[in-house]
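Hi everyone, thanks for making time this morning. I'd like to walk you through a structure, one region after another, so please have the viewer open.

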Amino acid sequence: MIRKDNPILLKNIQVFSEDRIIEKGFIKIKNQKIVEIGSIDNLSNREEFDVIELPSHYKAVPGFIDVHIHGVNGADVMDASKDALDTMVTALPREGTTSFLATTMTQEALLIENALVKAGQYIKEYQAPGKAEILGIHLEGPFVSPKMAGAQPIQHIIDPDLKLFKRWHSLSDKTIKLVTLAPERPGGLEMIQYLTKHGIIASLGHTDAAYEEIKAAIGAGANHVTHLFNQMRGLHHRDPGVVGAAFLHDELKAELIVDGVHVNPEIVKLAYKQKRKEGLILITDSMQAKCLKNGHYDLGGQDVTVKDGKAFLQDGTLAGSILKMGKAVQNILTYTDCSIEDAIAMASVNPAKQLNIYDRKGSITVGKDADIVIVDDKFEVFMTVCRGKIAFQKEGK
Ligand SMILES: [Zn+2]
């Protein structure tokens, strides 16, 4: 029986470290950090560690970072409760997610405010090793375009309002890290400038902006695109749109929902060819029905039907996904010719760099947080370590 807070030695695995792949490697973990990595031929000083022997064809990869997730397992950030956030940080390591941005959605102001207050409190007071870490909040809407509402309830969409945003940021205890907005709406560019100046990522999403408007947004500091292709002006040969701008501008890192439903697998291939491993960030955009059975669920006060891996509003609009991060990584490996290192870049490295936390997360490197996923030869998640503590282990092995 492993005592979960002891120093841990993960042994015998293929380690995908920051700069090399170590066959038959080991990782030593102590006080929530990675303290040593290497080849087992050079392993010494194992006394104080709980040794975990793993099958040699298993791989250790950096924990996945999901910058766009609303809910899982019957809990949603908009529930605005400690219980819901507890459920999320406990459930997400099962899919290899070790940290994430708690994502709100367009709703009436009071409901957004409640969610911001609760998430802000949780981030500051309740986080613990052995659970996924909430890195901050992703405010998705309400400052988006009514023309590209998607699953965001249209009656609550408003124009970018800097005064309101400042109030919300302070209610969240300054934990908002990313804002999805439509730059073409009145006040859009002003908000992008403000966010950029304050170290908050301005992301272009749920937007009908024309190419020139996106260029202006980039000029103001926008550097992120919310779920590329979904709910934005598409690529047309006489109108490059938001998608064309994302393809042409390396400054823009693009989120992608690789569930094979939100974006066709061939289009995933096309996006990868354009943006390469440096330009894409895998997300789930998942909702509370993830990990639950087919049926009816609530999404921002709207009825959502989940059937056979898809989630729909009553009018047929695709709602949030039920994708898991581990599956997103498997899918990108299947849909494209990318290497495992490239998939890791898109699931772990890029989101950490984008959030400006690559000094402590996003790779298996000595001194960084011990956020590690062990996957089997099919890239199924076998074990997840969150800041040095085992958060999930597949049963029956
Ligand atoms: Zn979303």
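Let's begin with what lies over helix α5: the cover of its buried residues includes α4 (188-197), β12 (201-204) and α6 (241-248). This is a predicted model, by the way, so please hear everything I say in that light. Which residues of α5 are we talking about? In this helix, residues 211-220, the buried ones are Tyr 211, Ile 214, Ala 217, Ile 218 and Ala 220. Right after α5 comes Gly 221, and its phi is positive, near 125°.

Just ahead of the helix, in the loop between β12 and α5, you will find Ala 209. Its relative accessible area is 0%, so Ala 209 is buried. What does Ala 209 touch, once neighbours within four places in sequence are set aside? The contacts are Pro 183, Glu 184, Ile 214, Arg 233, Gly 241 and Val 242. Ile 214 is one of the buried residues of α5 that I just listed. To get a feeling for scale, click on Thr 365 as well: from Ala 209 to Thr 365 you have 156 residues in sequence, and 40 Å in space from C-alpha to C-alpha.

Now to the sheet. Eight strands make up an open sheet, and if you step across you meet them in the order β6-β9-β10-β11-β12-β13-β14-β15, with parallel pairing. The edges belong to β6 and β15; each has a single partner strand, so one side of each has no neighbour in the sheet. As a reminder, strands in a sheet pair through backbone hydrogen bonds, and the sense can be parallel or antiparallel. If you'd like one pair to zoom in on, take β13 (residues 224-225) and β14 (residues 253-257), which pair in the parallel sense over two bridges. There, Val 225 has Ala 254 in β14 as its bridge partner.

Next, the metal site. Which residues hold the zinc ion? The coordinating atoms come from His 68 (NE2), His 70 (NE2), Glu 140 (OE) and Asp 285 (OD), at 2.0 to 2.2 Å. Along the chain, these donors follow the spacing H-x1-H-x69-E-x144-D. His 70 and Asp 285 bring distant parts of the chain together: His 70 sits in the loop between β6 (64-69) and β7 (71-72), Asp 285 in the loop between β15 (280-283) and β16 (295-299), and they are 215 residues apart. Both His 70 and Asp 285 are buried. And why is the arrangement called irregular? Because the four donor atoms subtend angles of 85 to 169° around the zinc ion, while a tetrahedral label would need all angles between 85 and 135 degrees.

On to charges, which I suspect some of you were waiting for. How many salt bridges does a search of the whole structure find? The count is 18. Let me show you three of them.

One is between the side chains of Lys 28 and Glu 36, at 3.3 Å from N to O. Lys 28 is buried, at 4% relative accessible area, whereas Glu 36 is partly exposed, at 29%.

Another joins Lys 361 to Glu 133, with 2.8 Å between the closest N and O atoms. These two are 228 residues apart: Lys 361 is in the loop between α9 (340-354) and β19 (372-375), and Glu 133 is in strand β10 (residues 133-140). Buried or exposed? Lys 361 counts as buried at 1% relative accessibility, and Glu 133 is buried too, at 11%.

The third is Lys 269 with Glu 266, at 3.4 Å from N to O. Both lie in helix α7 (residues 265-279), three residues apart, about one turn of the helix. Lys 269 is partly exposed, with a relative accessible area of 38%.

Then there is a network: salt bridges with shared partners connect Lys 33, Glu 133, Arg 360, Lys 361, Asp 369, Asp 371 and Arg 387.

I'd like to finish on Arg 387, a member of that network. You'll find Arg 387 in the loop between β20 (381-386) and β21 (389-393), and at 9% relative accessibility this arginine counts as buried. A polar contact of 3.3 Å connects its side chain with that of Glu 133. Beyond four places in sequence, the residues in contact with Arg 387 include Gln 32, Pro 129, Lys 361, Asp 369 and Asp 371.

That's my tour. Over to you for questions!

Methods. Residues numbered from 1 in each chain as written. Predicted model: local features only at pLDDT ≥ 70, side-chain atom pairs only at ≥ 80, totals over all residues. Heavy atoms only, no water. Donors = N, O, S within 2.8 Å, 3.2 Å for Na, K, Ca; no water. Tetrahedral: all angles 85-135°; square planar, octahedral: opposite > 155°, others 65-115°. Helix = DSSP H or I, 4+ residues; strand = E, 2+ residues; numbered from the N terminus. Buried < 20%, exposed > 50% of the residue type's maximum accessible area, 1.4 Å probe, protein only. Contact = heavy atoms within 4.5 Å. Pairing = 2+ DSSP bridges. Polar contact = N/O pair within 3.5 Å; in protein donor to acceptor, adjacent residues only side chain to side chain. Salt bridge = Lys/Arg side-chain N within 4 Å of Asp/Glu carboxyl O.
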